Amino acid sequence: MKNRQHSLPPHPSWPSLDALVRAVRKCRICRDEPWYGRPLDHEPRPIVQVSGTARICIAGQAPGIRAHTSGRPFTDPSGVRLRQWMGIDEETFYDETRIAVLPMGFCFPGLTAGGSDLPPRRECAPTWRAALFTWLPRLELLLLVGRHAQQWHLPQLSLPSHCIRQSVHQTVRCWREIYEADTRLRHVVLPHPSWRNNSWLKKNPWFAAEVLPVLQHQVHTLLVS
Ligand code: SF4
């Protein structure tokens with residue numbers, strides 16, 4: 001399979017991916033000058049996994065408290081399930097030369113009063129996302145995990161209206177149209193692998209029967225070729 005080459009040039013502000021990642025890791029926008037709502041009440045810890053050779057990218061929501069503590073993405077039960085869905089082990093998952101992990105918000109956003117994770121900070125994607133993706137020229141598979149990643153990335157595809165700006169359930173129901181929409185950069189839409197979706201997974205066995213085999217085949221193909 002030929003590798004995909006983006007037509008966009010590297011973002012002019014960043015002479016290299018390393019320089020860009022260093023800037024991301026120093027970012028304190030959501031603590032020091034937030035655009036929306038209250039500032040983060042903890043020290044931001046931007047968590048990205050990226051290299052210019054990655055052919056697979058996982059676009060999730062934002063790190064949870066365990067990832068914030070460990071400094072690595074998906075170091076929690078959601079990560080265990082996501083790796084099962086992809087059919088890969090931890091060593092492969094954390095190999096940044098092959099798999100990038102770019103959530104919609106790079107820092108743990110804090111908790112609601114009820115103890116749930118807050119949504120990804122809205123400052124993050126417009127600040128960093130376009131520049132980072134220009135430095136991923138070999139990308140061929142993009143996993144859109146949950147509503148925030150789907151709402152950001154799917155409008156860039158040419159899709160029937162019933163597949164975009166819908167609930168996660170309706171969007172994942174459209175998985176095949178979305179998967180076929182760009183044959184150079186395949187998009188796979190997934191619900192969040194959190195335990196909170198256990199009942200959805202139980203009620204929708206077609207997801208494991210139809211979507212996961214395609215995902216695993218595509219991941220395996222890109223890892224071995
Ligand atoms: S969430 Fe993104 S924009 Fe906000 S401080 Fe972290 S890296 Fe910066």
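In strand β3 (residues 141-145), the bridge partner of the β1 residue C57 is L142. The analysis rests on a predicted model, in which local features need pLDDT of at least 70 and side-chain atom pairs count only at pLDDT 80 or more, whereas totals for chains, interfaces and linings use all residues. Residues are numbered from 1 along each chain as its sequence is written, and side-chain values use heavy atoms, with hydrogens and water left out.

Strand β1 (residues 56-59) is joined to β3 by four bridges, and the two strands run parallel. Strand β2 (residues 99-101) also runs parallel to β1, through three bridges, and there V101 is the bridge partner of I58. Strands are DSSP runs of E with at least two residues, helices are runs of H or I with at least four, and both are numbered from the N terminus; strands pair if DSSP finds at least two bridges between them. In a regular strand the side chains alternate between the two faces of the sheet. In β1, I56 and I58 point one way and C57 and A59 the other, and all are buried (under 20% relative accessible area, with over 50% exposed and partly exposed in between; 1.4 Å probe, protein chains only).

The largest nonpolar core (buried Ala, Val, Leu, Ile, Met, Phe, Trp, Tyr and Cys residues joined through side-chain atoms within 4.5 Å) holds 66 residues, of which I58, M86, L190, F207 and L215 touch the most other members. Helix α11 (residues 205-224) gives the most to this core, with eight residues. Residues up to four places away in sequence aside, the contacts of L190 (heavy atoms within 4.5 Å) include L82, W85, L143, F207, V211 and L215.

Helix α6 (124-134) is mostly covered, with eight of its eleven residues buried. Among these are C124, W128, R129 and F133. The cover of the buried α6 residues includes α1, β1, β3 and α7. In helix α1 (residues 17-26), the buried residues are L17, A19, L20, V21, A23 and V24, and they pack against α6.

A search of the whole structure finds one cavity of 30 Å³ or more, with about 110 Å³ of space. On a 1 Å grid over the protein atoms alone, a cavity is a set of points where a 1.4 Å probe fits but cannot get out, a pocket is an open set with protein on both sides within 12 Å along at least five of seven lines, and lining residues have an atom within 4 Å of a point. Grid points are joined across faces, edges and corners, and a volume is the space filled by probe spheres set on the points. Of the 15 residues lining the cavity, C27, C30, C107, C124 and W128 are the closest to its centre. Helix α6 gives the most to this lining, with three residues.

The largest pocket has a volume of about 900 Å³ and is lined by 38 residues, of which S78, D117, H192, S194 and R196 lie nearest its centre. Elements giving two or more residues to this lining are α3 (65-70), α4 (77-86), α7 (147-153), α8 (168-173) and α10 (198-203). The second largest pocket holds about 580 Å³; of its 22 lining residues, P119, P120, R121, R122 and E123 lie nearest the centre. Helix α7 provides the largest share of that lining, three residues.
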